[in-house]
Amino acid sequence: MELLERIESQLSATGLPLVAITLAAVPCPDTPVIMTLHWHGFVRERLMEGTQAETIRYTPVPSSALQVNERWGDLLDLDRAALEAGWELGAWDVARAEHPSCVRPGAETREAMDCMKAFGQFPWGLEGSQVVVADAPDAGELLAVAARRGYLMWQFRPVHGGIWGEVAGDMTLRADGTREPPCPVEPVPARVDRPRRTVYRFGQGATAQLTQ
């Protein structure tokens, strides 16, 4: 699964730096994946049209939720795709969260909200503005499956194309904040049977570490 081309095309189109990238998927082969790009930027809101009009407030640029329809047969395929994207874009680490069904007996309300957010289905706005702009026609169906079967979410913060260049402090990075492919870290299988967090650390040295 190639994610880098999609990310780079979005960077080119918006001209904005990224704060983070998340991927959400259900544990069912060949289902779409939702990739959300979280931007750093603000939109000027004015009382009237024209550059001379006074700005009354700055609204955060909404995140972009995109549907990735490439085929995959194993959750390790998604792990490798997330690791490769995070590695090449200079992320310090890639964190994978495993979430069980949010409609199981005893599940907390926040689990359902987290599930909605993971798939770009925010039930509210921020001061009347959109939090996410979604181009994901199957997100509703994926959300329904995730609620019943559980889901996985990967998150990383890119240095290349992101806001983290000045604080990266990572000796593995090239001058432009990227790394030489391929990613040397191998994924570990996910089970999605209980809440679990796995952090693949690329780190500052040449040896990557894995914490579970």
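Is Gln 121 buried, partly exposed or exposed? At 25% relative accessibility, Gln 121 counts as partly exposed. The cut-off for buried is under 20%, and exposed begins over 50%, so the value for Gln 121 falls in between. The model is predicted. Gln 121 sits in the loop between α3 and β7. Beyond four places in sequence, Gln 121 touches Met 116, Ala 139 and Leu 143. Ala 136 is 15 residues away from Gln 121 in sequence. The C-alpha atoms of these two residues are 9.7 Å apart.

Confidence was considered next. The protein chain has an average pLDDT of 88. A score of at least 70 is reached by 84% of the residues. Residues 206–210 have a pLDDT below 50. In the model this stretch makes 11 contacts beyond near neighbours in sequence.

The largest nonpolar core holds 36 residues. Leu 3, Ile 7, Ile 21, Met 35, Leu 37, Trp 154 and Phe 156 touch the most other members. Two or more residues come from each of α1 (4–14), β1 (18–25), β2 (33–39), β5 (63–68), α2 (75–88) and β8 (151–156). Helix α2 contributes the most, with 7 residues. A separate core of 17 residues lies apart from this one. Its members include Ala 65, Ala 136, Ala 146 and Ala 147.

Ile 7 illustrates the packing within the largest core. With neighbours within four places in sequence set aside, Ile 7 is in contact with Leu 18, Ile 21, Met 35, Leu 37, Leu 89 and Phe 156. Two of these partners, Ile 21 and Leu 37, are also bridge partners, with Leu 37 in β2. Strands β1 and β2 run antiparallel and are joined by 6 bridges. On the β5 side, Leu 37 has Ser 64 as its bridge partner. Strands β2 and β5 are likewise antiparallel, with 5 bridges between them. Of the 7 residues of β2, 6 are buried, so the strand is largely enclosed by the rest of the structure.

Aromatic contacts were then examined. The count comes to 2 aromatic pairs. One is formed by Trp 87 and Phe 202. Their ring centres are 5.3 Å apart, and the planes meet at 90°, an edge-to-face arrangement. Trp 87 belongs to helix α2, whereas Phe 202 lies in the loop between β9 (196–201) and β10 (209–211). The pair therefore ties together parts that are 115 residues apart in sequence. Trp 87 is buried, at 10% relative accessibility. Phe 202 is buried too, at 1%.

Phe 119 and Tyr 151 also pair. Their centres are 5.6 Å apart and their planes lie at 65°, so this pair is edge-to-face. Phe 119 is placed in the loop between α3 (109–118) and β7 (132–135). Tyr 151 is in strand β8. Because of these positions, the pair ties together parts that are 32 residues apart in sequence. Phe 119 is buried at 1% relative accessibility. Tyr 151 is buried as well, with a relative accessible area of 2%.

Trp 87 takes part in a further interaction, with Arg 179. The charged end of Arg 179 sits over the Trp 87 ring, 4.8 Å from the ring centre.

How values were computed. Residues numbered from 1 in each chain as written. Predicted model: local features only at pLDDT ≥ 70, side-chain atom pairs only at ≥ 80, totals over all residues. Heavy atoms only, no water. Core = buried A, V, L, I, M, F, W, Y, C linked by side-chain atoms within 4.5 Å. Buried < 20%, exposed > 50% of the residue type's maximum accessible area, 1.4 Å probe, protein only. Helix = DSSP H or I, 4+ residues; strand = E, 2+ residues; numbered from the N terminus. Contact = heavy atoms within 4.5 Å. Phe/Tyr/Trp six-rings, centres within 6.5 Å; stacked < 30°, edge-to-face > 60°. Lys NZ or Arg CZ within 6 Å of the ring centre and 35° of its normal. pLDDT = per-residue confidence, 0-100. Pairing = 2+ DSSP bridges.
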